[in-house]
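Please read the following points alongside the coordinates. They deal with a sheet, some helix pairs and one residue.

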Amino acid sequence: MSTPAYTGPPKLVLCIDIGTTQTGCSIVRYDPGVDPTIRVVNRYPGDPGSSKIPTRIFYDKTGTPRAYGSEVFNEVVVAQAEEEGWELAAFWKLHLHPEELKPPAYSSSEATTEDFELVGSNSKFDISPLPKNVSLGTIYRDWFKWLVKAVQQFYEETNADGDLLWQKLSAKMEFVVAHPNSYGLAEQSILRKALESASLIKKGDDVGEQRLGFVTEAEGSVYFGLEHSAHDWLKIGSQVAVVDLGGSTVDITVYSVDQVEPKLVLREAKLSACIQAGGIYVTQAGHQLIQAKLRNSRFLEDLDAIVSEFDFKTKCNFDGSEQTSIIKFGRARDNDSAANISRGRLTLTRSEVEEAFSSCLEGIIESLDEQLAGTTVKVSGPQASESHAQAYPIQLQNILAVGGFSESPYLQSRLRAAYAGRGIKIIHVNENAMKAVAEGAALFHTKDSVIAGVKSLRGMVLYGSLEPTLDCQFMTDKENRRLDCFKRICTLRADLANVCLERMSDAGQTYYEAIYTVCLQFGGTSLKAHLEWNENGVVKRGPVSLIPA
């Protein structure tokens, strides 16, 4: 992928990937006449050698954040938290997920994204409730503020004259925020408001609007994969599935390669998929398994410590080749044969660990199979007929696996076993997959290539009736009811004061006339809109606010 020459003023772009369990950042520096430089942040307070930081915050009883990231695991901090009754905000990204991603048990009546205030829910599903009296918007605001301070410290300490450069460029710094494929305007609005509340961008400012961009995790992943893998699969007409295996979500997007040189052009072959099958659900299944084994054991009180070992070691190292997996948690004198505990070690059988992976694996393979099954596109319009329906089968050669969960050797082996017989190769990027989206978002911002999506074009091919026997309009049937294939996503709001012209009727009455065009931009990850009107032969533009439904 080529990088276009930059001719604008010096600037910084901060790319942020807030995952369910881990967060990553990268920063891009632009200087005129020089190729942009990308640096993945690999130093955070409390964790000076990692490119990822735990997505966690401790709040005290007043709702004030007291510790962030790896700091929440510090023994002194944990002791103070227990003594003073602090609450831990963790897995809060699950509360932002759109309704179609939330499990059936999730109580939408207790947790909504309306008005930037998503307050904790006591859902039956194992989603960690938010701290009392702390909204989801507040947590994102606090996290964004802390991340920027952490990145500032990293930048100043690792660059010559870093403090002067930050002071000069940070006020107009741009932001690129990654999110799952399924996020839409409502979820983007909460992220935008959090940045505004953190005073990182200005509310209602055109410049502020331009300083924030969004990228889907799938787009970030494909750029990361292109940067760190061999390009032998990049052939015109070939297709590749990019699978971003994250902490909570798995995003699957199938791309067709339309052009390689001089500019890479990828096109989504069909609407991407986003499912809840990430690594945290293996941990949750492991938790249930271990809890059942310890139900009648005195070591049940060590459940959290044992599950933590399962999460950080067993889940990551298990490859299915060994008959047993050992979790060390206690002392040599700790024994309970009924619970398979010997000398402070809990033994899990291979089948037990496989069972912890089974639900996620089944969901991933099922979703991949649905993507590979192809799609049929029916175009309706004044000239349309049944002959316009065309099938586009997905003829895949490669699956590009990225994301933290993709580093599981057992997951890799199961995917290879599932698709090797179909002649499909699993490509695992030989690079730290934990930083895939953060670095990929930066590459997305700098590279001269095109990824054409289909999400924003849903329903746009409809021009008349969906069926020859149904006489309907664009989005409604003949009774003016909205068709099921459409949903209301937002309301457009604009001030027409500058557009209205005073007129005089033939009867001598004053009235106002407004002639304008509402322009919608579907090309990017986020929907954008503005007004255009003609004023004395000059085309003027004005802002339009998008209010999520």
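1. Helix axes here are lines fitted to C-alpha atoms over the stretch in contact, and angles run from 0 to 180 degrees between N-to-C directions. The model is a predicted one. With that convention, helix α8 (residues 279–293) and helix α9 (residues 303–317) have axes that come within 10 Å and cross at roughly 135°. Angles from 65 to 115 degrees count as roughly perpendicular and those over 145 as roughly antiparallel, so α8 and α9 are oblique to each other. Their crossing is right-handed.

2. On the α8 side, the contact between these helices is made by Gly279, Ile280, Val282, Thr283, Gly286, His287, Ile290 and Gln291. Helix α9 supplies Leu303, Ile306, Val307, Phe310, Asp311 and Lys315. By class, the contact of α8 with α9 comprises 7 nonpolar, 5 polar and 2 charged residues.

3. A second helix pair is α3 and α4, with axes that come within 7 Å and cross at roughly 135°. Helices α3 and α4 are therefore also described as oblique to each other. Val148, Val151, Gln152, Tyr155 and Glu156 of α3 meet Gly162, Asp163, Leu165 and Trp166 of α4. The residues of this contact divide into 5 nonpolar, 2 polar and 2 charged.

4. Is Gly162 buried or exposed? This residue is found in helix α4 (residues 162–169). Its relative accessibility is 2%, and the cut-off for buried is under 20%, so Gly162 counts as buried. Leaving aside neighbours within four places in sequence, Gly162 is in contact with Tyr155 and Glu156. Between Gly162 and Gln152 the separation is 10 residues in sequence and 8.8 Å in space, C-alpha to C-alpha.

5. The sheet is open and has 3 strands in the order β6-β5-β7, with antiparallel pairing. Strands β6 (65–68) and β7 (87–90) are the edge strands, each pairing on one side only. From one strand to the next, the twist averages 25°.

6. Within that sheet, strand β5 (residues 56–59) is joined to β6 by 3 bridges, and these strands run antiparallel. Which residue stands opposite Pro65 in β6? That residue is Tyr59.

7. The sheet and the α3/α4 pair should be viewed together. Helix α3 (residues 136–158) lies across β5, β6 and β7 and runs at about 110° to β5. Helix α3 thus has a place in two descriptions: it lies across these strands, and its axis crosses that of α4 at roughly 135°.

Conventions
Residues numbered from 1 in each chain as written. Predicted model: local features only at pLDDT ≥ 70, side-chain atom pairs only at ≥ 80, totals over all residues. Heavy atoms only, no water. Helix = DSSP H or I, 4+ residues; strand = E, 2+ residues; numbered from the N terminus. Parallel < 35°, antiparallel > 145°, perpendicular 65-115°, else oblique. Left-handed = near helix turned anticlockwise from the far one by under 90°. Contact = heavy atoms within 4.5 Å. Nonpolar A, V, L, I, M, F, W, Y, C, P; charged D, E, K, R; others polar. Buried < 20%, exposed > 50% of the residue type's maximum accessible area, 1.4 Å probe, protein only. Pairing = 2+ DSSP bridges.
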